[in-house]
Amino acid sequence: NEFATAGVTLAYVANENLELGAGYDYKYAISQPKDSPNSSTYLSQNVVSVRGRGDFLPKVSGIFTIGVADSAYSGEVSQSYFDIEGSLGIVWQVTERGKFTLKADRQSYFSPDGSAYLVTRYGPEWTEEFATNYFATLGIDFQQTLNRFAIGTRTDHAYGGHFAVTHSITQ
C-alpha cells in the first residue's frame with residue numbers, strides 16, 4: 001500500500017491552556033494486493049474537521065479531532081462513503097495520584113490484501129501512582145471493524161483488556 005496526505009489547520013489559541021481549530025486533510029492511497037498485482041484500488045478522501053487540545057475544565061485535559069470524511073474508492077472497486085472520523089484522548093485527574101482516561105479513534109484503513117475498513121477503537125483506563133514514580137494502569141479495549149468490500153455487510157467486534165506497571169525515571 002502507498003499513500004500521501006496533505007492538510008492545513010487554522011488554530012485559535014484561546015489562552016495558554018486551550019487551543020481550538022479547524023482543518024482540512026486530503027488523503028490519496030493505492031492498494032495493490034500481492035496476489036493480484038494488476039487489480040489496484042484507489043482512495044481519494046477529503047476530511048473537514050474541528051480540533052482542540054488543552055485544559056477543557058479544571059482537572060480535565062485532552063486532545064480531540066472530529067470531522068466528516070468523503071471517501072471515494074475507484075479501480076477494482078468503485079464505491080463512495082460519507083463518514084464521521086476522528087480521535088479523542090481525555091484525561092480527568094480524579095485524585096492527586098489517580099486519573100481516568102478515555103481514548104477513542106475512528107479511521108478508514110486499507111489492508112495489504114486490498115480490502116478497505118472503517119475501524120472504531122475506544123476504551124477507558126484508570127492509572128494510579130501507588131508509590132513515587134510507580135504507576136499501575138488497568139484498561140478495557142473495544143474495537144469494531146466494518147469491512148467495506150465484503151459481500152453483504154460484515155462487521156467484526158473485538159474486546160480485550162490491558163494491565164501495566166511502569167516506573168518513570170526523571171532526572
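**Pockets, salt bridges and sheet order in a predicted model**

Author: Strand β6 gives the lining of the second largest pocket its largest share, four residues. The model discussed here is predicted.

Reader: How much space lies in that second largest pocket, and which residues are closest to its centre?

Author: The second largest pocket holds about 190 Å³ of space. It is lined by 11 residues, and those closest to the centre are Phe3, Lys27, Ser108, Tyr109 and Phe110. Strands β1, β2 and β6 are the elements that give two or more residues to this lining.

Reader: How do the residues of that lining divide into nonpolar, polar and charged?

Author: Six are nonpolar, three polar and two charged. The central residues illustrate the scheme: Phe and Tyr count as nonpolar, whereas Lys counts as charged.

Reader: What volume does the largest pocket have, and what lines it?

Author: Its volume is about 280 Å³. The lining consists of 16 residues, with Asp25, Val47, Arg51, Glu85 and Gln107 the closest to the centre. At least two lining residues come from each of β1 (2-15), β2, β3, β4 (60-75) and β5 (79-93). The largest share, four residues, belongs to β3. By kind, the lining has three nonpolar, nine polar and four charged residues.

Reader: Why is the contact of Glu19 with Arg53 called a salt bridge?

Author: The test asks for a side-chain nitrogen of Lys or Arg within 4 Å of a carboxyl oxygen of Asp or Glu. The closest N and O atoms of Glu19 and Arg53 are 3.5 Å apart, so the pair meets that limit and is called a salt bridge. Glu19 belongs to strand β2 (residues 18-31) and Arg53 to strand β3 (residues 41-57), so the salt bridge ties together parts that are 34 residues apart in sequence.

Reader: What makes Glu19 and Arg53 partly exposed?

Author: A residue is buried under 20% relative accessible area and exposed over 50%, with partly exposed in between. Glu19 has 25% relative accessibility and therefore counts as partly exposed. Arg53 stands at 43%, so it also counts as partly exposed.

Reader: How do you know that Arg121 and Asp105 form a salt bridge, and where do they lie?

Author: Their closest N and O atoms are 3.7 Å apart, which means that the pair passes the limit of 4 Å. The salt bridge links distant parts of the chain, with Arg121 in strand β7 (residues 116-131) and Asp105 in strand β6 (residues 98-110), 16 residues apart. Arg121, with a relative accessible area of 35%, is partly exposed. Asp105, at 21%, is partly exposed too, because a residue must be under 20% to be buried.

Reader: How many salt bridges does a search of the whole structure find?

Author: The search finds five. Among them is the salt bridge of Asp156 with Arg154, where the closest N and O atoms are 2.9 Å apart. Asp156 is partly exposed at 32% relative accessibility, and Arg154 is partly exposed at 40%.

Reader: Is Gly86 buried or exposed, and in which strand is its place?

Author: Gly86 has its place in strand β5. Its relative accessibility is 13%, so it counts as buried, the limit being under 20%. Between the C-alpha atoms of Gly86 and Tyr28 there are 18 Å in space, and the two residues are 58 apart in sequence.

Reader: Why do β1 and β9 count as edges of the sheet?

Author: The open sheet has nine strands in the order β1-β2-β3-β4-β5-β6-β7-β8-β9, paired antiparallel. β1 and β9 (154-167) each have a single partner strand, so one side of each is left without a neighbour in the sheet. From one strand to the next the twist averages 15°.

Reader: How do you know that β3, β4, β5 and β6 pair with their neighbours?

Author: Two strands pair if at least two bridges are found between them. β3 and β4 are joined by 16 antiparallel bridges, β4 and β5 by 14, and β5 and β6 by eight; each count satisfies the requirement of at least two, and therefore each is called a pair. Leu43 has Tyr73 of β4 as its bridge partner. Phe64 is partnered by Leu88 in β5, and Leu88 is in turn partnered by Ala104 in β6. Three residues lie between β4 and β5 in their hairpin, while the hairpin from β5 to β6 runs through four residues.

Key. Residues are numbered from 1 along each chain as its sequence is written. This is a predicted model: local features need pLDDT of at least 70, side-chain atom pairs count only at pLDDT 80 or more; totals for chains, interfaces and linings use all residues. Side-chain values use heavy atoms; hydrogens and water are left out. Buried means under 20% relative accessible area, exposed over 50%, partly exposed in between (1.4 Å probe, protein chains only). On a 1 Å grid over the protein atoms alone, a cavity is a set of points where a 1.4 Å probe fits but cannot get out, and a pocket is an open set with protein on both sides within 12 Å along at least five of seven lines; lining residues have an atom within 4 Å of a point. Grid points are joined across faces, edges and corners, and a volume is the space filled by probe spheres set on the points. Axes are lines fitted to C-alpha atoms, for helices over the stretch in contact, and angles run from 0 to 180 degrees between N-to-C directions.
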